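Let's take a walk through this one together. Have a look at the model below, and then we'll pick it apart piece by piece.

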Amino acid sequence: MPFARIVVINGPNLNLLGLREPGIYGAKTLADIEADLRARAGGRVALQFRQSNSEGDLVGFVQEAGLDGAGIILNAGAYTHTSVALADAVKASRARMVEVHLSNVHARESFRHHSYLSPVAVGVVAGFGDRSYHLALEALLALPDEG
């Protein structure tokens, strides 16, 4: 198994899941998603969850996880489309990260079509609601060890 730990990092406004536009983002809260993901992991890997509305905090979370060799599931929210700093943190820490989106960003406003994170991600999962996190978890667990 390539990771002893996977850090699930959520960006701005994801703390409002369940309240924020449920037609787009679903009715589950972030706590619901975390509980479901823990159940899905079934003890195969240690999970840690972080959330912040601050770009600087997110950069710190990515650096810490990447430098520690943890896998990362990153839903950067709106920072996906604006943050060179987050992309640089992934690259500099040599993190193995899967970019996640609840909605299909390519079926939405044009500004959401560009991601600074996709070029530094091992993969992208978008449009499957809270199951996007499950798919990202399975993808990270299936990656070969880097050796």
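With which side chain does the side chain of Arg 5 make a polar contact at 2.4 Å, apart from that of Gln 48? It's Asp 68. Keep in mind that what you're looking at is a predicted model.

Now zoom out a little around that arginine. Arg 5 sits in strand 1, which covers residues 5-10. Its side chain also pairs up with the side chain of Gln 48, again through a polar contact, listed at 2.4 Å. Leaving aside residues up to four places away in sequence, the neighbours that Arg 5 touches include Val 45, Ala 46, Ala 65, Ala 70 and Gly 71, along with the two polar partners, Gln 48 and Asp 68.

Next, hop over to helix 2, residues 30-41, where you'll find Ala 39. Is Ala 39 buried or exposed? It counts as exposed, because its relative accessible area is 58% and the cut-off for exposed is over 50%. If you go from Ala 39 to Pro 12, you cover 27 residues in sequence and 25 Å in space, C-alpha to C-alpha.

Last stop: helix 5, residues 131-142. At 1.5 Å a residue, its 12 residues should span 16 Å, and the end C-alpha atoms are 17 Å apart, so the two agree. Plenty to see on the inside here: Ser 132, Tyr 133, His 134, Ala 136, Leu 137, Leu 140 and Leu 141 are buried. And what covers those buried residues? The cover includes strand 1 and helix 2, both of which we've visited, plus strand 2 (46-51), strand 3 (71-75), strand 4 (96-101) and strand 5 (123-126).

Key
Residues are numbered from 1 along each chain as its sequence is written. This is a predicted model: local features need pLDDT of at least 70, side-chain atom pairs count only at pLDDT 80 or more; totals for chains, interfaces and linings use all residues. Side-chain values use heavy atoms; hydrogens and water are left out. Helices (H or I, at least four residues) and strands (E, at least two) are DSSP runs, numbered from the N terminus. A polar contact is a pair of N or O atoms within 3.5 Å; within protein, one must be able to donate a hydrogen and the other to accept it, and residues adjacent in sequence count only if both atoms are side-chain atoms. Contact means heavy atoms within 4.5 Å. Buried means under 20% relative accessible area, exposed over 50%, partly exposed in between (1.4 Å probe, protein chains only). The expected span of a helix is 1.5 Å times one less than its number of residues.
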